[in-house]
Amino acid sequence: MRLSMDLELQDVPGQLLLALQPLKDNKANIISVVHHRDRKTPRGTIPVRLVVEMDRSKLDTIKNQLKSSGISVVRAGEDRFIEAVSVVLVGHVLDSDLGDTVSRIDSTGFAEVMDLALTMPGVNEPSSAYLKIRATGKTEIQKALGILRQVCREKKLLVIEPIEAEAV
Amino acid sequence: MRDVKVSLVGYGVVGHGVVDVLNRKKKMLREMGLNLKLISVSDHTGTVLADEGINAEKILSERTLQNVATSDMKGKEAVSAIDSDLVIEVTPTNIVHGQPGLGHMEAALSSGKHVVTSNKGPLVVSYDRLKKLAEDNGVMLKFEATVGGTMPLISLVERTLCGNTIYGIRGIFNGTCNYILTRMTEEGIPYTHALSEAQDLGIAEADPSYDVEGVDTAGKVVILANALFDMNIKYSDVDVTGITGVTPEALALARKRGYAIKLIGDVPALTVRPTLVPMDSPIAVAGTLNSAAIYTDLSGTITVTGLGAGSIETASAILSDIISIYRTKQIDAIF
């Protein structure tokens, strides 16, 4: 699972190394480290943002180890919405309550509509919409698409989904 | 030199192509050691018979055999009565009951004749039974031309990619739909307009429903699933959505984000539906082209593309099936 963490380090040499040690010990794969020396906090500490790929169950252990090294963990949690998918809908997209269509995805908590473009050629003609949906992972993308398919069946909309890049 | 007596059943666009191609390639076939003799051609009006081979020039100018037929025999009767080694079946396809092609193929196989066909209907309706009939009678049933026209797909998977596990095949299997979607994207014209244009050019039939409703593509999905994936499925097992609901606005919205909308058939998912395909994907071909991505364990993804229809092109797939029957028999004879 991909997580991001915001830490605050003391402005003394060797602090970053100290902060990374517990991650190494717990086999976390570091994706990125951003060291904000220029954004010193009022407390005189230096904020550092880490993105790591790791086993979620190790999170508490790592947090405790960091604290005992005198490093404060400001925030640590799942990096949300790392997957995205494009979908095109055709039919009476607006008249069939577009707000509801979007909120059925947004209300899942694991997926949301992040981009929407709508073309309406005429009053009685079918409109077309492009939606970009993002979600917390690949499985969640599939779940969100499942919901969208169901909603569009109810509303008699054509769903045009992207081709899978790999054989499933 | 091996003499092969060939009967052709069906004398429409593809039938004409077959007569033309067999005639053009006579010399090349002889050099391969095959003396293919077209001893009969039948259609719904009658049969032309010639033991020493039909004069292609004489019949190619005829739209039907009505004025040149030398016998009244038709259909199944002709297939059973004429002493040929191989029957080429190219009558019009019917995906519901498979006839008349199904009867022709049964008659040919059960009397020990190889069958080569471009006719999807009989294979969609009863592939397993036809396959068993061929096995029981020690003959071959070949149908490369039924899927993707001249684009090699079935033989590519069965022969060239043998040893691979095939995870799936996805592709564009209908040139008419692909042409319509391509024109709608290029010109921003509505579906009905692009359809009439295709009809004017002879790319779409007067009744286009078979193509645009996805029926044709679904038939091909059934053939691929049964022949290459041993799935034993029927037409009704395929979830089909055609292209009639696709709007030029939808195509424009997709294009702006780097996608084309294509009618994609998917095996083993057994779906036919308009699908977003990245424009830089090798299967996102334009115009009347067909394409297929074959997902394998050892070779990764293999993509093929080619003309999915056309008289000569379809005849080319039929010719390569015929040659492969006798090449395979040669290999069998060695062992």
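What covers the buried residues of helix 11 of chain B? In this predicted model, the cover includes pieces from several parts of chain B: helix 6 (120–136) and helix 10 (209–212), along with strand 7 (166–172), strand 8 (239–240), strand 9 (259–267) and strand 10 (271–278).

Helix 11 itself runs over residues 215–229 of chain B, 15 residues in total. From first C-alpha to last, helix 11 of chain B reaches 20 Å, close to the 21 Å expected at 1.5 Å a residue. The helix is mostly covered, with 12 of its 15 residues buried. Among the buried ones are B:Val215, B:Asp216, B:Lys220, B:Ile223, B:Leu224 and B:Asn226. Just after the helix comes B:Asp230, and here phi turns positive, at about 50°.

Strands 7, 9 and 10 turn up again where chain B meets chain A. The contact draws 19 residues from chain B and 16 residues from chain A. On the chain B side, two or more residues apiece come from strand 7, helix 12 (248–256), strand 9 and strand 10. Sorted by character, the residues on this side of chain B split into 12 nonpolar, four polar and three charged.

The two chains also pair up strand to strand. Strand 8 of chain A (residues 158–162) is joined by two bridges to strand 10 of chain B, and the two run parallel. In strand 10 of chain B, B:Leu276 sits opposite A:Pro162.

As for chain A, its domain assignment gives domain 1 (2–78) and domain 2 (83–160). The C-alpha centres of these two domains of chain A are 38 Å apart.

Definitions and conventions. Residues numbered from 1 in each chain as written. Chains lettered and ligands numbered in written order. Predicted model: local features only at pLDDT ≥ 70, side-chain atom pairs only at ≥ 80, totals over all residues. Helix = DSSP H or I, 4+ residues; strand = E, 2+ residues; numbered from the N terminus. Expected span 1.5 Å × (residues − 1). Buried ≥ 20, exposed ≤ 12 C-beta atoms within 10 Å, placed from the backbone. Contact = placed C-beta atoms within 7 Å. Domains from an automatic or database assignment. Nonpolar A, V, L, I, M, F, W, Y, C, P; charged D, E, K, R; others polar. Pairing = 2+ DSSP bridges.
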